[in-house]
Amino acid sequence: MQPITARSLVWYDSYHRTLPWRISPRERRLGAPIDPYRIWLSEIMLQQTTVEAVKSYFLAFTKRWPTVGDLGAASQDDVLRAWAGLGYYSRARNLKKCADIIVSEHGGRFPSDLPGLKSLPGIGDYTAAAIASIAFDVPAAVVDGNVERVVTRLYAIATPLPLAKTEIRMRMQALTPQERSGDFAQAMMDLGATICTPRRPACAICPLNDNCQALQSTDPELFPVKAPKKEKPIRVGAAFVALADDEIHLRSRVETGLLGGMSEVPTTQWTARVDGETGLDAAPFAANWIAAGSISHVFTHFELRLNIYKADEVEKAHVSGGWWVKVANLGDEALPTVMKKAIAAAVPDAFARRRKAG
DNA sequence: AACACGTGGTA
DNA sequence: TTACCAAGTGT
């Protein structure tokens with residue numbers, strides 16, 4: 001076994017993170033079984049998402065849907081409602097699709113090989129390798145953002161991402177042991193998350209500092225090299241919060257694209273700024289619309305600024321499509337964060353923690 | 001290859 | 001505040 005591999009595993013045995021979806025190396029040695037369902041669910045949730053953000057969602061999902069069969073029996077709408085706030089909602093749609101396929105075509109069991117895993121919706125190179133190695137002990141090369149950082153530093157790879165991906169994968173494959181491949185993958189990811197961090201890496205306490213070419217020759221913080229980011233355009237629009245007594249009007253977004261399948265208050269198109277336009281002329285139905293401020297929300301590839309309009313005592317008969325929900329029950333809806341912001345601008349206590357009456 | 005796709009935390 | 005970042009995938 002290569003020194004880097006051995007040192008990573010020794011470090012992991014003592015300093016691994018304890019996470020709700022993880023079986024510790026000690027538990028593994030004692031024969032604790034690994035549930036591929038929980039590994040899969042956690043890996044999907046962790047795509048581009050922080051561990052802290054995932055924890056409560058993972059616990060809620062596994063409590064409500066303990067097996068992939070339970071998830072297969074759920075409705076997509078229930079899954080989207082439970083996913084609301086976690087972002088990248090195509091993950092939730094693919095999660096449900098994948099569960100259905102596992103149930104209908106695989107007898108409720110996950111494939112244990114890379115091609116079988118990769119053929120499933122929402123599972124790409126990284127996730128297939130992670131599930132195969134962690135859940136099934138397949139010596140697959142697991143390459144995520146942490147591994148990219150650790151490996152480019154270990155070998156001082158100056159090729160910019162994503163071009164360097166092939167070389168990183170080859171290096172990682174060469175390091176991956178036949179035994180404990182899953183622990184090794186998690187060791188490299190934990191190292192990247194806790195020691196080999198993007199800024200101010202803790203090289204002095206790194207178990208691989210003797211092996212790190214970046215540390216020997218230059219500054220590890222210079223790796224990985226990435227292409228410069230593009231500027232975010234600004235898009236503008238208007239959102240309309242219609243109220244009737246204690247109920248608010250919602251509708252569903254189309255199934256695909258941004259926030260696909262999620263709930264929303266009616267909005268105009270989101271377009272590049274046009275001077276003088278407020279969006280009020282594009283109200284979804286006639287009502288006594290009152291300006292209720294504006295919000296800003298940053299997506300991955302653009303910033304959205306929405307003028308918010310509110311109308312009280314809307315005549316429900318004048319509104320077609322969508323549905324009405326009590327403001328107190330908004331927490332049960334599949335509302336993305338941007339929509340919660342829009343609603344909160346018009347109804348400031350919509351998402352406030354409910355106080356005891358009195 | 002390049003872009004679409006969310007959100008919240010950190011410095 | 002702006003900028004970057006976090007266990008990527010699909011097209």
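The legends below describe close-up views of a predicted model of protein chain A with DNA strands B and C.

**View 1. Confidence along chain A of the predicted model.** Chain A has a mean pLDDT of 94, and 97% of its residues reach 70 or more. Among the elements of chain A, helix α5 (residues 68-73) has the highest confidence, at 98, whereas strand β4 (residues 271-272) has the lowest, at a mean of 79. Over residues 354-358 the pLDDT stays under 50, and for this stretch the model has one contact beyond four places in sequence. Where pLDDT is low, the predicted coordinates should not be read in detail.

**View 2. The protein surface near DNA strand B.** There are 19 residues around DNA strand B, and of these Y89, K230, L259, T300 and T337 come nearest. By residue class, this surface divides into nine nonpolar residues, nine polar residues and one charged residue. On the side of the nucleic acid, 67% of the atoms of DNA strand B within 4 Å of the protein belong to sugar or phosphate, and the rest belong to bases.

**View 3. Contacts to phosphate oxygens of DNA strand B.** Two of the contacts shown involve the protein backbone: a backbone N or O atom of L259 lies 2.6 Å from a phosphate oxygen of the strand, and a polar backbone atom of T337 is likewise 2.6 Å from a phosphate oxygen of DNA strand B. A side chain is involved at H301, where an N or O atom is 2.7 Å from a phosphate oxygen of DNA strand B. The elements that give two or more residues to the surface near this strand are β5 (290-298) and α14 (337-346).

**View 4. The hairpin of β5 and β6.** Strand β5, which contributes to the surface near DNA strand B, pairs with strand β6 (residues 303-311) in the antiparallel sense over seven bridges. The two strands, β5 and β6, form a hairpin with four residues between them. Within this pairing, I290 stands opposite K310 in β6.

**View 5. The protein surface near DNA strand C.** Around DNA strand C there are 25 residues, of which E43, G122, D144, N146 and P198 come nearest. This surface is made up of 10 nonpolar, eight polar and seven charged residues, and α3 (36-46), α9 (125-136) and α10 (145-154) each supply at least two of its residues. Of the atoms of DNA strand C within 4 Å of the protein, sugar or phosphate accounts for 65%, with the rest belonging to bases.

**View 6. Polar atoms of the protein beside the backbone of DNA strand C.** A polar backbone atom of G122 is 2.5 Å from a phosphate oxygen of the strand, and a backbone N or O atom of Q48 lies 2.9 Å from a phosphate oxygen of DNA strand C. At D144, by contrast, an N or O atom of the side chain is 2.5 Å from a sugar or linking oxygen of DNA strand C.

**View 7. The stretch annotated as an HhH-GPD domain.** An unreviewed UniProt entry lists residues 45-194 as "domain: HhH-GPD". In the model, the chain over residues 45-194 is 66% helix and 0% strand, and the C-alpha atoms at its ends are 20 Å apart.

**View 8. Cis peptide bonds and a positive phi angle in loops.** L161 and P162 are joined by a cis peptide bond with omega of about 5°, and P162 lies in the loop between α10 and α11 (165-175). A cis peptide bond also runs from F223 to P224, with omega near -5°, and P224 is found in the loop between α13 (213-217) and β1 (234-244). D137, although it is not a glycine, has a positive phi of about 60°, and this residue is found in the loop between α9 and α10.

Technical notes: Residues numbered from 1 in each chain as written. Chains lettered and ligands numbered in written order. Predicted model: local features only at pLDDT ≥ 70, side-chain atom pairs only at ≥ 80, totals over all residues. Heavy atoms only, no water. Near = heavy atom within 4 Å. Polar contact = N/O pair within 3.5 Å; in protein donor to acceptor, adjacent residues only side chain to side chain. Nonpolar A, V, L, I, M, F, W, Y, C, P; charged D, E, K, R; others polar. UniProt positions renumbered as here; feature names shortened; annotations may be inferred. pLDDT = per-residue confidence, 0-100. Contact = heavy atoms within 4.5 Å. Pairing = 2+ DSSP bridges.
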